[in-house]
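Visitor: I would like a close look at a single part of this model. Please start from one residue and work outward from there.

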Amino acid sequence: MIVVDASVDVVIGTFCIENGHSLLHADADFDPIERYLGLKVVR
């Protein structure tokens with residue numbers, strides 16, 4: 001089960017996944033989106 005506290009994080013993550021973008025962030029809410037849904041993250 002993926003738990004994300006903010007709906008806007010889901011929108012941002014989905015946008016990045018769908019459009020092939022990488023995301024630079026400092027928000028732990030994106031970690032499950034990266035781990036389970038393939039969000040590309042800039043380290």
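Visitor: Does Glu34 count as buried, partly exposed or exposed, and at what relative accessibility?

Guide: The model is a predicted one, and every value below is computed from it. Glu34 counts as partly exposed, because its relative accessibility is 22% and the class begins where buried ends, with buried meaning under 20% and exposed over 50%.

The side chain of Glu34 meets that of Arg43 in a salt bridge, with 2.6 Å from N to O. A search of the whole structure finds 1 salt bridge. The partner, Arg43, has a relative accessible area of 75% and is therefore exposed. The pair thus joins a partly exposed acid, Glu34, to an exposed base, Arg43.

Helix H2 covers residues 30-37, and Tyr36 lies in it. Tyr36 is exposed, because its relative accessibility is 54% and the class requires over 50%. On the surface, Tyr36 forms a nonpolar patch with Ile17 and Leu37; together the three have about 310 Å² of accessible area.

Another helix, H1, spans residues 7-19 and contains Asp9. Asp9 has a relative accessible area of 7%, so this residue is buried, the cut-off being under 20%. The acid in the salt bridge, Glu34, is partly exposed at 22%, whereas Asp9 is buried at 7%. Asp9 can also be placed relative to Asp29: the two are 20 residues apart along the chain, and their C-alpha atoms are separated by 7.0 Å.

These parts fit into the chain as follows. The protein chain has 2 helices and 2 strands, and along the sequence the elements follow the pattern α-β-α-β. Its C-alpha trace spans about 25 × 20 × 15 Å along the principal axes. There are 43 residues in the protein chain, and 23% of them count as buried; Asp9 is one of the buried residues. The accessible surface of the protein chain is about 3200 Å², and carbon and sulfur atoms hold 57% of that area. As for contacts with a separation of 6 or more, 21% of them are between residues 24 or more positions apart.

To return to the starting point, Glu34 is partly exposed at 22% relative accessibility, and its side chain meets that of Arg43 in a salt bridge.

Definitions and conventions:
Residues are numbered from 1 along each chain as its sequence is written. This is a predicted model: local features need pLDDT of at least 70, side-chain atom pairs count only at pLDDT 80 or more; totals for chains, interfaces and linings use all residues. Side-chain values use heavy atoms; hydrogens and water are left out. Patches are made of residues with over 30% relative accessible area and no salt bridge: like charges are joined within 9 Å, nonpolar side chains (Val, Leu, Ile, Met, Phe, Trp, Tyr) within 5 Å. Accessible areas come from the Shrake-Rupley method with a 1.4 Å probe; for residues, only the protein chains shown count as cover. A salt bridge is a side-chain nitrogen of Lys or Arg within 4 Å of a carboxyl oxygen of Asp or Glu. Helices (H or I, at least four residues) and strands (E, at least two) are DSSP runs, numbered from the N terminus. Buried means under 20% relative accessible area, exposed over 50%, partly exposed in between (1.4 Å probe, protein chains only). Contact means heavy atoms within 4.5 Å.
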